[in-house]
Amino acid sequence: MSGARAFPSHAPEHYVCPFCGLVNGDVTDPGNRCALEDLVYQDDELIVFMAVDGFGPHEGHAMISPAAHIETLYEMPDRVMQRIGLMARQVAIAMKDAWSPEGISTRQHNEPAGNQHVWHYHLHVFPRYTDDMLYRQLRHPVDPEVRAVKAQELAAALDAAPTLI
């Protein structure tokens with residue numbers, strides 16, 4: 001990362017990061033809604049998994065995070081940021097192959113005012129459909145069984161090789 005500087009954490013005291021739990025294969029913390037079956041892809045630098053919440057009638061958007069606990073975009077090492085960008089493309093292609101959406105959207109949030117609520121960087125990748133009104137939908141939980149099926153479908157279509165720089 002160029003021009004490294006410290007940024008304050010917004011995580012509450014004694015925060016147990018759900019994404020670090022998923023990375024480490026331990027989602028037993030009562031505050032962790034992730035399931036091991038959400039996992040689509042993992043290597044030493046990245047993790048791809050199904051989001052526990054959905055928006056609107058089309059369940060199954062994915063998230064890409066660094067495997068290391070990095071809270072915001074500001075702190076992201078350049079190499080990991082590049083890999084996340086490359087992985088976003090590969091996840092989008094996999095979604096097209098697995099689910100035939102009409103489009104793809106990505107979004108990412110930093111700090112409370114930026115609507116971040118999990119204190120570990122994550123990039124959302126959404127399959128999109130005509131008139132889905134994604135940005136007007138309220139968040140709702142997605143059943144773990146639905147997430148597990150979607151994770152398997154996406155993993156089967158995902159080619160991570162182009163992200164290995």
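## Pockets and cavities

The largest pocket here has a volume of about 310 Å³. Keep in mind that this is a predicted model. There are 22 residues lining that pocket, and the ones closest to its centre are Phe-19, Arg-33, Val-52, His-117 and Val-118. If you want to trace the pocket by secondary structure, look at α1 (18–23), β2 (46–50) and β3, the elements that each give two or more residues to its lining.

Now for the enclosed spaces. How many cavities of 30 Å³ or more does the structure hold? It holds two. The largest cavity comes in at about 80 Å³, while the second largest has about 40 Å³ of space.

Around the largest cavity you'll find Gly-54, Phe-55, His-58, Gly-60, His-61, Phe-126, Pro-127, Arg-128, Asp-132 and Leu-134. Two elements give two or more residues to this lining, namely β3 (53–55) and β6 (123–128). Of these, β6 gives the most, with three residues.

The second largest cavity has its own set of lining residues: Phe-7, Pro-8, Ser-9, His-10, Glu-71, Thr-72, Tyr-74, Glu-75 and Glu-111.

Here's how the linings split up by residue class:

| Space | Nonpolar | Polar | Charged |
|---|---|---|---|
| Largest pocket | twelve residues | six residues | four residues |
| Largest cavity | four residues | four residues | two residues |
| Second largest cavity | three residues | three residues | three residues |

So what does the second largest cavity's lining look like by class? It divides into three nonpolar, three polar and three charged residues.

Methods. Residues are numbered from 1 along each chain as its sequence is written. This is a predicted model: local features need pLDDT of at least 70, side-chain atom pairs count only at pLDDT 80 or more; totals for chains, interfaces and linings use all residues. Side-chain values use heavy atoms; hydrogens and water are left out. On a 1 Å grid over the protein atoms alone, a cavity is a set of points where a 1.4 Å probe fits but cannot get out, and a pocket is an open set with protein on both sides within 12 Å along at least five of seven lines; lining residues have an atom within 4 Å of a point. Grid points are joined across faces, edges and corners, and a volume is the space filled by probe spheres set on the points. Helices (H or I, at least four residues) and strands (E, at least two) are DSSP runs, numbered from the N terminus. Ala, Val, Leu, Ile, Met, Phe, Trp, Tyr, Cys and Pro count as nonpolar, Asp, Glu, Lys and Arg as charged, and the others, Gly among them, as polar.
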